[in-house]
Amino acid sequence: MALLEIKTAGDPVLKQPCAPVEKIDKRFRNFLDDMAETMYASDGVGIAAPQVGVSLRACIVDVSARDGGESDKKARYDMINPVITHREGSVVDNEGCLSCPNLFGDVERAEKIRVEYISRFGKKKILDADGLLARCIQHELDHLDGKLFIDIAQNITKGRPKHE
Ligand SMILES: [Zn+2]
């Protein structure tokens, strides 16, 4: 495995809508592992392929380090070609992003979502998520559409997030 370079705001790859993943092979699974390693090394809870310069619809999410151990669900999700098929409720909370170092802001997101995606082994999956997991998935899927949270956030501050 290897650490990948994280692209930061201003890099055009972050503004570009990503293409669907067409081929899931060992090479691509290695890339997913590298993305995950890069995310964990940066203390992140999610990372999307364009954040490491690859314009494909894939992301990794693992909020287990931040949700106080309340989640009884599997920790790491490798999501390929994810699509949100249901949204419910709305909640505002503070967010940050590995591509926007030291910036935090309040973002309104759906409270609960259903997401459909392809697993790293090519299986169709459906996941119902709420709380931080739902927020993180919505944040990562925005990356796949070339959107950054700082474009939609309110009360952007520099420094530590409000809830830490
Ligand atoms: Zn982000």
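## Strand 2, strand 3 and the five-stranded sheet

In this predicted model, residue I60 has D78 in strand 3 as its bridge partner. The pair belongs to a contact between strand 2 (residues 58-61) and strand 3, which run antiparallel and are joined by four bridges. On the next step across the sheet, strand 3 pairs with strand 6, again in the antiparallel sense, over six bridges. One residue opposite strand 6 is E88, which faces K112.

These contacts are part of an open sheet of five strands, arranged in the order 1-2-3-6-7 with antiparallel pairing. Strand 1 and strand 7 are the edge strands, and each of them pairs on one side only. From one strand to the next, the twist averages 35°.

## Strand 6 and its hairpin with strand 7

In a regular strand, side chains point alternately to the two faces of the sheet. Strand 6 (residues 112-118) has one covered face, made of I113, V115 and Y117. Its uncovered face holds K112, R114, E116 and I118.

Strand 6 also pairs with strand 7 (residues 124-130), in the antiparallel sense and over seven bridges. Within this contact, L127 in strand 7 is the bridge partner of V115, a residue of the covered face of strand 6. The two strands form a hairpin, with five residues between them. In the turn, G122 has a positive phi of about 85°.

## The three-stranded sheet

A second group of strands forms an open sheet of three, in the order 4-5-8, also with antiparallel pairing. Strand 4 (91-95) and strand 8 (154-158) stand at the edges with a single partner strand each, so one side of each has no neighbour in the sheet. Neighbouring strands of this sheet are turned by 20° against each other on average, direction ignored.

Strand 5 takes part in both contacts of this sheet. With strand 4 it pairs in the antiparallel sense over five bridges, and D106 in strand 5 is the bridge partner of N94. With strand 8, which runs antiparallel to it, strand 5 shares three bridges; here F104 stands opposite T157 in strand 8. Strand 5 is mostly covered, as five of its seven residues are buried.

## The zinc site

Which protein atoms are the donors of the zinc ion? They are SG of C97, NE2 of H139 and NE2 of H143, at 2.0 to 2.2 Å from the ion. Along the chain, the donors follow the spacing C-x41-H-x3-H.

The two histidines share an element of the structure: H139 and H143 both lie in helix 2, four residues apart, which is about one turn of the helix. Both H139 and H143 are buried.

## The second largest pocket

The second largest pocket encloses about 240 Å³ of space. Its lining consists of 14 residues, and those closest to the centre are I84, R87, L141, D142 and D145. Sorted by class, the lining has five nonpolar, two polar and seven charged residues.

Three elements each supply at least two residues of this lining: strand 3 (77-88), strand 5 (103-109) and helix 2 (131-144). Strand 3 gives the most, with five residues. The pocket thus brings the two sheets into one description, since strand 3 is a member of the five-stranded sheet and strand 5 is a member of the three-stranded one. Helix 2 also carries H139 and H143, two of the zinc donors.

## Two residues with positive phi

Two residues other than glycine have a positive phi. For D43, the angle is near 60°. D43 is placed in the loop between helix 1 (26-41) and strand 1 (46-48). Is D43 buried or exposed? Its relative accessibility is 53%, so D43 counts as exposed, the cut-off for that class being over 50%.

N155, which is not a glycine either, has a positive phi of about 50°. Its place is in strand 8, an edge strand of the three-stranded sheet. With a relative accessibility of 57%, N155 also counts as exposed.

Key: Residues are numbered from 1 along each chain as its sequence is written. This is a predicted model: local features need pLDDT of at least 70, side-chain atom pairs count only at pLDDT 80 or more; totals for chains, interfaces and linings use all residues. Side-chain values use heavy atoms; hydrogens and water are left out. On a 1 Å grid over the protein atoms alone, a cavity is a set of points where a 1.4 Å probe fits but cannot get out, and a pocket is an open set with protein on both sides within 12 Å along at least five of seven lines; lining residues have an atom within 4 Å of a point. Grid points are joined across faces, edges and corners, and a volume is the space filled by probe spheres set on the points. Ala, Val, Leu, Ile, Met, Phe, Trp, Tyr, Cys and Pro count as nonpolar, Asp, Glu, Lys and Arg as charged, and the others, Gly among them, as polar. Donors are N, O and S atoms within 2.8 Å of the metal (3.2 Å for Na, K and Ca); water is not among the atoms, so sites may look incomplete. Buried means under 20% relative accessible area, exposed over 50%, partly exposed in between (1.4 Å probe, protein chains only). Two strands pair if DSSP finds at least two bridges between them. Axes are lines fitted to C-alpha atoms, for helices over the stretch in contact, and angles run from 0 to 180 degrees between N-to-C directions.
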